[in-house]
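This report describes one protein model in running text. The sequence and the structure come next, and the details follow.

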Amino acid sequence: MYIFEKAFEIAQHVTKNIEGRAADGGSSLPYLVCMAVNAGPGDHCEIGTLFGASAISVAIAKKEWGFPGNVYCIDPYLPREGTVNKSDWLPEDQLNGSPEALARNAAKFGVADRIFLLNAKSQPWPSPIMEQKFVSSYIDGHHIGPTPWWDFVEIARRTEHYVA
């Protein structure tokens with residue numbers, strides 16, 4: 001099986017079965033999985049986690065390909081008021097994730113041992129992973145103002161292969 005076929009299979013499985021929602025579903029999630037697999041063995045970091053779809057998908061892929069490595073998630077889980085456009089199609093319980101929902105989802109998909117949450121903002125960079133190196137990273141946190149650029153600067157200096 002080709003990488004992209006397995007990546008779409010993993011993404012579809014997670015998207016259909018996750019508690020909450022996969023904010024980065026559609027075609028972006030399988031591409032993220034392909035990127036993480038192509039980065040090879042090692043740790044992955046993501047900024048912004050919500051319900052954990054992307055983190056869980058990467059952890060499943062690492063497991064499927066027999067790669068060592070964990071997924072580090074940085075998310076303060078603050079209310080998203082004023083940072084996203086609310087709409088009639090998105091119920092209130094689908095707007096904000098939580099550490100508890102992430103933990104339940106990680107356990108449900110059998111990757112709780114590979115997911116590590118830093119319940120913190122990405123700026124300033126969290127001290128527990130100040131010296132950590134990653135093979136791949138994904139930025140999908142705070143989308144407003146200079147924060148995405150600051151996140152890129154911080155994660156790029158710690159990532160050996162790919163940043164999405």
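Lys6 and Glu9 sit 3 residues apart in helix α1, so about one helical turn separates them. Helices here are DSSP runs of H or I with at least four residues, strands are runs of E with at least two, and both are numbered from the N terminus. The two side chains form a salt bridge whose closest N and O atoms are 2.7 Å apart. A salt bridge is a side-chain nitrogen of Lys or Arg within 4 Å of a carboxyl oxygen of Asp or Glu. Lys6 is buried, with a relative accessible area of 16%, while Glu9 counts as partly exposed at 38%. Buried means under 20% relative accessible area, exposed means over 50%, and partly exposed lies in between, computed with a 1.4 Å probe on protein chains only.

The model is predicted: local features need pLDDT of at least 70, side-chain atom pairs count only at pLDDT 80 or more, and totals for chains, interfaces and linings use all residues. Residues are numbered from 1 along each chain as its sequence is written, and side-chain values use heavy atoms, with hydrogens and water left out.

**Salt bridges**

The whole structure holds 5 salt bridges, including those in the table.

| Positive partner | Negative partner | Closest N and O atoms |
|---|---|---|
| Lys6 | Glu9 | 2.7 Å |
| Arg104 | Glu19 | 2.5 Å |
| Arg158 | Glu154 | 2.6 Å |

In the salt bridge of Arg158 with Glu154, both residues are buried. Salt bridges that share partners also join Lys6, Glu9 and Glu64 into one network.

What does the salt bridge between Arg104 and Glu19 tie together? Arg104 forms a salt bridge with Glu19. Arg104 lies in helix α4 (residues 99-108) and Glu19 in the loop between α1 and α2, so the pair ties together parts that are 85 residues apart in sequence. Arg104 is partly exposed, at 44% relative accessible area, and Glu19 is partly exposed as well, at 31%.

Ser27 is found in that loop between α1 (3-17) and α2 too. Its relative accessible area of 45% makes Ser27 partly exposed. The C-alpha atom of Ser27 lies 8.8 Å from that of Ala11, a residue 16 places away along the chain.

**Overall fold**

The protein has 5 helices and 5 strands. Read from the N terminus, its elements follow the order α-α-β-α-β-α-β-β-α-β. Of its 164 residues, 48% count as buried. Among contacts between residues at least 6 apart in sequence, 79% join residues at least 24 apart; contact means heavy atoms within 4.5 Å.

**The sheet**

The 5 strands of an open sheet are ordered β3-β2-β1-β4-β5, with parallel pairing. Two strands pair if DSSP finds at least two bridges between them. At the edges are β3 (115-118) and β5 (159-163), each of which pairs on one side only. From one strand to the next, the twist averages 25°.

Strand β1 is joined by 4 bridges to β2 (residues 71-74), in parallel. It also pairs in the parallel sense with β4 (residues 134-139), again over 4 bridges. His44 has a bridge partner in each of these strands: Val71 in β2 and Ser136 in β4.

Which way do the residues of β1 point? His44 and Glu46 point one way, Cys45 and Ile47 point the other way, and all are buried.

Helix α2 lies across β1, β4 and β5, and runs at about 165° to β4. Such angles run from 0 to 180 degrees between N-to-C directions, with axes fitted to C-alpha atoms, for helices over the stretch in contact.

**Asp43**

Asp43 is located in the loop between α2 (28-39) and β1 (44-47). Is Asp43 buried or exposed? Asp43 is buried yet has no salt bridge, and Lys62, the nearest side chain of opposite charge, is 6.6 Å away. Lys and Arg count as positive here, Asp and Glu as negative, and His and the chain ends are not counted.

The side chain of Asp43 does make a polar contact of 2.7 Å with that of Gln132. A polar contact is a pair of N or O atoms within 3.5 Å; within protein, one must be able to donate a hydrogen and the other to accept it, and residues adjacent in sequence count only if both atoms are side-chain atoms. Leaving aside neighbours within four places in sequence, Asp43 touches several residues, among them Gly69, Asn70, Tyr72, Lys133 and Phe134.
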